[in-house]
Each structure stands twice: as C-alpha cells, then as structure tokens.
Amino acid sequence: MRRLASALFALLVTTATLYAQQPKTDTRFERTEAMIPMRDGKKLFTTVHVPKAPKGPVAIVLLRTPYGIDGRTERLFRDYFKEMIDDGYAFVLQDIRGRFKSEGTFVMTRPARDPQDPKAVDEASDTSDTIDWLLKEVKNNNGRVGMLGISYPGWLAAVAMLDPHPALKAVSPQASPVDMFLGDDFHHNGAFRLSYGFEYVAMMETDKSNFSFKFDKHDTYEWYLKLGALSNVNRLHFKHTLPTWNDFVAHPNYDAFWKTQSLEPRLTKVTVPTLNVAGWYDQEDFRGPLKIYELLEKHDTKNQNFLVVGPWNHGGWGGGRADKLGRIPFDSATGAHFRKEIQAPFFAHYLKDIGKGAPPEARMFQTGANKWETYDSWPPKGVVSRKLHFHPKGKLSFDPPAEGAAEADEYVSDPANPVPYRPRPVRPTYPGPEWPEWMVQDQRFAHGRPDVLSYETEALAENVIVAGSMKVKLFGSTSGTDCDWIVRLIDVYPDDYTKPADLAGSQLLIAGEPVRARFRKSLEKPEPVKPGAVEEYTIDLNWGHHRFRKGHKIMVQVSSTWFPVIDRNPQKFVPNIFEAVDSDFQKATQRVYHTPKFASHIALDVLKAK
C-alpha cells in the first residue's frame with residue numbers, strides 16, 4: 001500500500017491525472033479565490049491562502065500549474081508545504097493560461113515573448129502580473145515572493161526567474177525540463193519518447209482538464225507495437241487536432257522551433273537565489289535541473305545557485321517519507337529530510353531572514369551507500385576519470401583492449417520484436433503504478449536476450465564511487481542506414497546479498513540513454529549511416545553519485561530498442577521518422593567494437609573510496 005500511495009502522490013504533484021475536486025478549507029488560513037487579470041485582458045484562476053494568525057508580515061509562496069489547483073491545497077499543506085507553514089507564508093496557487101478555470105489558450109512550454117511588444121505574453125509575464133496583483137491585494141505581506149514547483153510547475157518557476165519580478169527573491173525549480181529535444185520529457189538526444197509523449201499530449205491537449213487516453217489492451221507494449229509507424233497516430237487517433245503532436249511531426253530535427261523553447265541559451269545569469277532539485281531515478285526530467293544548475297553556475301558570482309539531488313523518482317521528494325523506492329531501501333526518510341532540512345530553510349532565509357544563511361553548494365545523496373554528502377562544488381574536486389573498456393565474451397575492465405582479440409560483438413535488431421524498457425505488461429504511464437518506479441526495477445528481464453549485449457566486471461575488489469560525469473564512447477556499425485544505440489549502466493548485486501535478501505543477484509539501473517545514428521554529426525541536419533562503416537557515438541549518461549560496493553559488479557548493456565519509452569527506429573534512413581510507414585521498418589545487424597583502435601568504453605568520474 002505504501003508503494004502505491006507513493007506512486008499516486010508523485011503523479012498528483014507533477015503530472016497527475018486526477019480530476020479537480022471540491023476545495024477544502026484549512027482552518028489555519030483564510031482562503032479566497034480570484035480571477036487575476038493579465039496585461040492582455042485574460043484572467044487566471046487563483047486561490048490565496050493567508051494565515052489567520054500571522055506572527056508578523058508574511059512572505060508569499062507562489063505555485064503555478066497546468067494540472068488544476070482545486071483539491072490540491074489540503075495535500076500540499078499536509079506534505080509539500082508542511083514544514084514551511086510555521087515560518088509564516090501566504091500560499092498562492094494558480095491555474096496557468098488555458099488550463100482548468102483560467103482563461104486564454106494553453107501553449108505547451110510557451111516560448112518567450114517579444115520584449116518589444118508590451119501586450120505580448122509568456123509565462124514570465126503572467127507571473128509578473130500575478131505578483132503585481134498579490135503585492136497590492138494580500139494584506140500584511142513583506143514584499144517578498146518565492147516560487148517553487150515540480151515538473152511543469154518547476155519549469156514555470158525557472159521561466160519566472162529568467163525574467164524576474166523585482167519582488168521575486170527565491171526560486172526552486174524542481175525537476176524542471178530545460179530542452180525538450182535534447183534530454184527531457186519528449187526527446188532524449190533527438191530520440192522520441194513515444195509512450196510518454198503520446199500519453200502526455202493526450203492528457204494535456206484533449207481538453208482543459210487532465211484526460212486519460214483509453215487503451216484497449218492491458219499491455220501498452222502490445223498496443224504501441226500494433227500501432228505501427230508514428231504516421232498512424234494522427235490517422236487513427238489524434239486526427240491532427242493536438243497541437244503538440246503536430247509539432248512533433250513538423251519538427252523532427254533540432255530546428256528553430258525547439259531552440260526557441262529551450263531555456264539553455266537564456267541561462268546566462270543568476271537573477272535570484274536558486275535551489276535546483278533533481279532525483280537520481282527521475283523517469284521524466286532528470287537532465288533539466290542538472291543543466292540549469294550547471295549553466296547558471298558559470299555565472300554565479302554571489303553564491304546564489306545551489307543543487308540538491310536525492311534518491312527520488314519524478315517528484316518523489318514532494319510528500320511522504322521517501323525511505324524507499326520499489327524494492328530499493330534508502331535507510332532514512334529522504335523526502336521528509338529534504339522538506340524540513342533543505343527546502344524550508346532555503347525559503348525562510350531568503351524570504352524571512354530566518355536561519356543560518358545560504359545552503360551548501362551541493363547536497364547529494366550517494367546511492368549505494370545511502371547517505372547524504374555535502375560538496376563545495378559539483379562535480380566535486382578530486383574526481384578522476386576512469387575508463388571501463390568493453391572486451392570479448394562480455395567482459396568489462398579498467399584494462400584497455402589488447403591486440404589480436406575478437407574485434408566486435410554483434411546482434412540482430414528487429415523492430416518487430418523490440419526490447420521492452422521495463423518488465424511486461426507495460427501498463428499506461430498515467431495512472432499506471434509502474435511508471436514512477438520503472439528505473440529501479442530489476443533489469444534481468446532484458447539480460448540474456450539475443451539482441452542485448454552485456455559487458456560485466458569481475459566482482460569489485462574495492463568500492464567504486466561515481467561522482468559526476470558518466471559518458472560512453474561506443475564504436476559501432478549497422479547493416480542498415482539508420483539505427484539507435486541504447487546504453488544502460490547497471491549495478492549487479494551479489495548472489496549472497498541479504499539486506500534485503502530479495503535483491504540478491506538483482507540488476508539495478510543507474511543510468512540509461514539513447515542516441516540516434518542519424519544525429520551523430522548534427523542534430524539539425526541528420527544524415528544516413530553507411531552500412532558496415534564503423535562510427536563513433538557519444539552517449540552522455542549525465543551525472544551520477546553512486547557507490548558500486550565491493551563484491552558487486554558493474555555492467556553495461558547495449559541494445560538498439562527500448563520500447564515503448566523510445567520509439568522504434570526504422571533502421572532505414574527516412575527524412576522524417578514521424579512520417580515513416582510500416583513498410584520502412586527492417587531488421588539490421590548491429591556490431592559493437594572493442595579493439596585498440598575502436599575501444600568502446602564508459603568513462604566515469606570517480607572519487608577515492610573512503
């Protein structure tokens with residue numbers, strides 16, 4: 001029951017599919033509703049919750065969301081905001097433009113407005129107009145506003161800080177996407193996230209509330225396979241009526257459409273104190289908060305940019321204890337710790353002048369060791385890059401490949417029988433109970449498939465502590481003219497593991513990412529691969545902080561499908577995969593090389609073991 005409750009809460013706070021409920025009033029607050037006017041005349045539905053017995057002037061905490069605010073307050077006060085209530089805040093919730101009770105048109109991750117047009121709007125202008133209204137209408141406020149949120153609400157907080165209202169004094173963008181083509185919800189390195197993209201777009205754009213697509217099969221792996229090519233989506237289901245899906249089709253490459261939405265070019269200065277929050281097992285937006293921190297850190301001259309990463313799935317820090325995820329224990333209540341010891345003091349310091357001062361630069365949970373670590377920089381000073389090389393017969397070693405050994409391993413990738421990304425049945429993303437936990441599910445379901453290569457170390461003689469970058473250099477060839485490479489880094493538990501015993505021999509995913517061969521030279525101008533030619537591919541697994549314990553093994557798995565979280569590559573170059581037809585899909589023979597010249601490996605930032 002605890003497992004199911006945790007999953008449902010994460011969905012509620014972030015990309016929930018629960019419909020709006022009748023609001024309940026917390027007796028500690030005076031609740032009012034307002035339709036706040038924006039500069040173009042549209043009005044946004046907002047609820048304001050002011051403490052009835054404040055100890056002094058109150059700061060304002062604002063959360064804006066596309067997921068509906070009715071019915072959220074009680075849960076937020078019980079969980080996400082609980083540890084902040086005693087510090088004295090007015091809490092404000094708002095439906096963003098075009099969603100639920102707010103007026104206007106919803107635009108997915110709306111691009112920045114034209115600054116030369118005084119009536120142009122974006123999410124930053126809507127935030128500023130809201131803050132103007134709040135400063136005038138909320139009695140006894142202290143003139144300071146903070147923003148926070150998880151997932152899309154986190155992105156809204158990030159956008160607001162890029163063009164901040166003068167009263168915005170602290171922001172915490174949590175699990176915020178930053179670029180929808182490079183590595184967040186909809187694409188990873190240009191590879192389309194099929195099941196998530198399809199179901200999320202249906203949820204957000206079918207109507208103004210949260211819609212759940214009705215599948216006619218229990219196993220969506222089977223449903224998506226039967227769907228066939230992506231060109232069948234509009235023909236059979238969406239009928240060209242959902243704007244974001246139409247954008248996917250019209251913009252298969254990294255063109256101006258995606259670049260205009262991206263926050264990366266705009267992250268050129270730290271405007272307000274910023275607490276970036278991510279989860280190591282975030283199945284939706286892991287790259288985003290890390291990239292926001294990384295890019296802002298280059299300009300952080302006043303020590304105002306901070307990073308927290310815990311052992312969480314998407315939004316898993318927002319409520320409950322978060323002392324485990326699936327079968328993986330964390331040995332402490334990591335969610336409660338974050339809310340009490342990190343989030344609440346951050347806002348108390350910058351909005352109320354309470355507390356000991358600025359937080360540490362980086363507070364990182366070390367998975368595998370199950371402990372919090374604090375660093376003055378991230379990645380921490382003193383890390384060294386160590387390369388684990390692929391070898392014949394499935395071996396993985398810090399030793400480089402030798403001359404004369406077998407040059408490559410091969411497998412046949414068949415789009416008609418793709419590797420699933422989690423054990424079947426693959427139930428719907430929303431409200432499927434497996435989606436929040438799939439990144440900690442045992443990977444043995446894929447190990448041993450003929451279309452999955454596994455490279456594994458001997459049992460480790462000492463701890464290997466990853467703290468920072470994890471990048472794969474893969475040298476591969478294909479018999480086709482396009483393909484995908486999916487690489488997964490895995491912690492293999494010993495067979496005699498006992499704490500808990502049901503993890504004995506299990507394979508825990510630490511990170512996994514795809515690359516699409518067509519984009520190996522350019523994301524803007526894809527080109528086919530020459531059949532049989534050895535090409536070099538870089539697969540960035542982002543940052544990690546994991547202790548591979550003595551006696552465990554490190555494994556790297558390589559495949560060319562990861563379905564249906566990633567769409568199937570036809571393995572024949574076509575100009576636009578969204579317009580491919582069923583007859584374009586073909587089998588291909590994939591080869592992974594491990595010679596001195598073509599030395600496939602994974603490079604890990606490693607700390608000296610303590």
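Start by selecting strand β10, residues 305-310, together with β13: the two run parallel and are joined by three bridges. This is a predicted model. To see how the two strands line up, show Leu307, which stands opposite Ala362 in β13.

Keep Ala362 on screen and add strand β14, residues 371-375. Ala362 also stands opposite a residue of this strand, Tyr375. Here the pairing with β13 is antiparallel and extends over five bridges. Now select the connection between β13 and β14. The two strands form a hairpin, with four residues between them. Click on Gly368 in the turn, where phi is positive, at about 85°.

Next, colour β13 itself, residues 362-366, by burial. What is the state of its five residues? Five of the five are buried, so the strand is largely enclosed by the rest of the structure. In a regular strand, side chains alternate between the two faces of the sheet. Show the side chains of β13 and look at each face in turn. Ala362, Met364 and Gln366 are on one side, and Arg363 and Phe365 are on the other. Both faces are covered, and the residues on each are all buried, which here means under 20% relative accessible area.

Leave the strands and turn to the enclosed spaces. The model has 12 cavities of 30 Å³ or more. For the largest, select Asp282, Phe286, Met439, Gly512 and Glu513, the lining residues that lie nearest its centre. The space inside comes to about 300 Å³, and the full lining has 28 residues.

Which strands should be shown around the largest cavity? Select β21, residues 507-516, and β22, residues 535-548; each supplies at least two residues of the lining. The largest share, six residues, comes from β22. Then colour the lining of the largest cavity by residue class: 14 are nonpolar, nine polar and five charged.

The last stop is the second largest cavity, with a volume of about 80 Å³. To find its centre, select Gly190, Pro252, Arg516, Ile577 and Phe578, which lie nearest to it among the 13 lining residues. How do the lining residues of this cavity divide by class? Seven are nonpolar, three polar and three charged.

Note on methods:
Residues are numbered from 1 along each chain as its sequence is written. This is a predicted model: local features need pLDDT of at least 70, side-chain atom pairs count only at pLDDT 80 or more; totals for chains, interfaces and linings use all residues. Side-chain values use heavy atoms; hydrogens and water are left out. On a 1 Å grid over the protein atoms alone, a cavity is a set of points where a 1.4 Å probe fits but cannot get out, and a pocket is an open set with protein on both sides within 12 Å along at least five of seven lines; lining residues have an atom within 4 Å of a point. Grid points are joined across faces, edges and corners, and a volume is the space filled by probe spheres set on the points. Ala, Val, Leu, Ile, Met, Phe, Trp, Tyr, Cys and Pro count as nonpolar, Asp, Glu, Lys and Arg as charged, and the others, Gly among them, as polar. Buried means under 20% relative accessible area, exposed over 50%, partly exposed in between (1.4 Å probe, protein chains only). Two strands pair if DSSP finds at least two bridges between them.
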